[in-house]
Amino acid sequence: MASEVGVDEKTVRALFDEHARTALHRLRPATPRVLGLDEVPITRRPRCVFTTGEDATILDRLASWSATSVYQFLVSRLKDRSAVQIVCLDRQHPYRLAVKAALPEAVIVVDTWHVLRMASQAVDKVRLHLRSEM
C-alpha cells in the first residue's frame with residue numbers, strides 16, 4: 001500500500017493504527033457467556049487478548065496485561081458483565097485478580113493447554129529423575 005500511494009510504510013501503519021483504535025472504541029461486541037484471556041507476544045511484548053470461548057473470535061487486545069488494564073477493559077468495554085458465566089485463563093495472577101474484582105459471579109477455569117503443558121513438564125521431570133537413578 002505504501003509503495004502504491006508513494007508514502008513511507010510507517011505512515012501507512014500509523015494511519016491504520018489510528019483508524020483501528022477509533023473503530024474499536026465504537027465497536028462494543030455482545031458480551032460472551034464464556035470469556036477467554038491469554039497473552040500473545042506482539043512486537044516482542046506480551047499483549048492481553050480477549051476471546052469468546054464458544055465461537056473462538058477475538059474481542060480485543062490490550063497493550064498491557066496488568067491487573068489494572070484488564071480490570072478497566074472488563075468494566076468499561078463489556079456491555080453486560082453479568083452475562084459472563086465462565087472465564088478461561090492461564091495461571092497469570094493479574095488476570096485472576098482483575099476477573100475476581102470485575103466479574104465476581106463468573107467461574108474461573110484454567111485453560112487446558114496450560115494444564116497439559118504443566119502435566120507434561122511434571123512427567124518429564126519424574127522420567128528424568130528415574131532415568132538418572134537407573
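Q: Let's start with two rings: are Phe50 and Phe73 buried or exposed?

A: Phe50 and Phe73 are both buried. Here, buried means under 20% relative accessible area, exposed means over 50%, and partly exposed is in between, using a 1.4 Å probe and protein chains only. Keep in mind that this is a predicted model, where local features need pLDDT of at least 70 and side-chain atom pairs count only at pLDDT 80 or more, while totals for chains, interfaces and linings use all residues. Residues are numbered from 1 along each chain as its sequence is written, and side-chain values use heavy atoms, with hydrogens and water left out.

Q: How many aromatic pairs does the structure hold, and what do I look at to describe one?

A: You describe two aromatic rings by the distance of their centres and the angle of their planes. This structure holds 1 such pair. Phe50 and Phe73 are stacked, at 3.8 Å centre to centre with 20° between the planes. For the cut-offs, rings of Phe, Tyr and Trp (its six-membered ring) pair if their centres lie within 6.5 Å; planes under 30 degrees apart count as stacked, over 60 as edge-to-face and the rest as tilted.

Q: Which parts of the chain does that pair tie together?

A: Phe50 sits in strand E2 (residues 45-52) and Phe73 in helix H3 (residues 67-77), so the pair links parts that are 23 residues apart in sequence. The element names come from DSSP runs, numbered from the N terminus: helices are H or I with at least four residues, strands are E with at least two.

Q: What is the order of helices and strands along the sequence?

A: Going along the sequence, you get α-α-β-β-β-α-β-α-β-α. That makes 5 helices and 5 strands.

Q: What does Val49 in E2 touch?

A: Leaving out residues up to four places away in sequence, Val49 touches Gly36, Leu37, Asp38, Val40, Ile58, Asp60 and Arg61, with contact meaning heavy atoms within 4.5 Å. Val49 belongs to strand E2 and, at 11% relative accessibility, counts as buried. Its C-alpha is 5.7 Å from that of Glu39, 10 residues apart along the chain.

Q: Which sign of phi should I expect outside glycine, and what are the values at Thr43 and Arg44?

A: Most residues other than glycine have a negative phi. Thr43 isn't a glycine, yet its phi is positive, about 50°. Arg44 isn't one either, and its phi is also positive, about 65°. Thr43 is in the loop between strand E1 (34-42) and E2, and Arg44 has its place in the loop between E1 and E2 too. Thr43 counts as exposed at 62% relative accessibility, and Arg44 is exposed with a relative accessible area of 84%.

Q: How does the chain's radius of gyration sit against the globule rule?

A: The chain has 19 Å, whereas a compact globule of 134 residues would be near 14 Å. The radius is taken over C-alpha atoms, and the rule is 2.2 Å times the number of residues to the power 0.38. Along its principal axes, the C-alpha trace spans about 70 × 40 × 25 Å. Of the 134 residues, 25% count as buried.

Q: Which C-alpha separations could I check in the helices, say for Gln121 and His93?

A: Gln121 is in helix H5 (residues 112-133) and is partly exposed, at 48%. Its C-alpha and that of Lys10, 111 residues apart along the chain, are separated by 42 Å. His93 is in helix H4 (residues 93-102) and is partly exposed as well, at 41%. From His93 to Ser66, 27 residues apart along the chain, the C-alpha separation is 9.3 Å.

Q: What share of the contacts spans 24 or more positions?

A: For contacts with a separation of 6 or more, residues 24 or more positions apart account for 43%.
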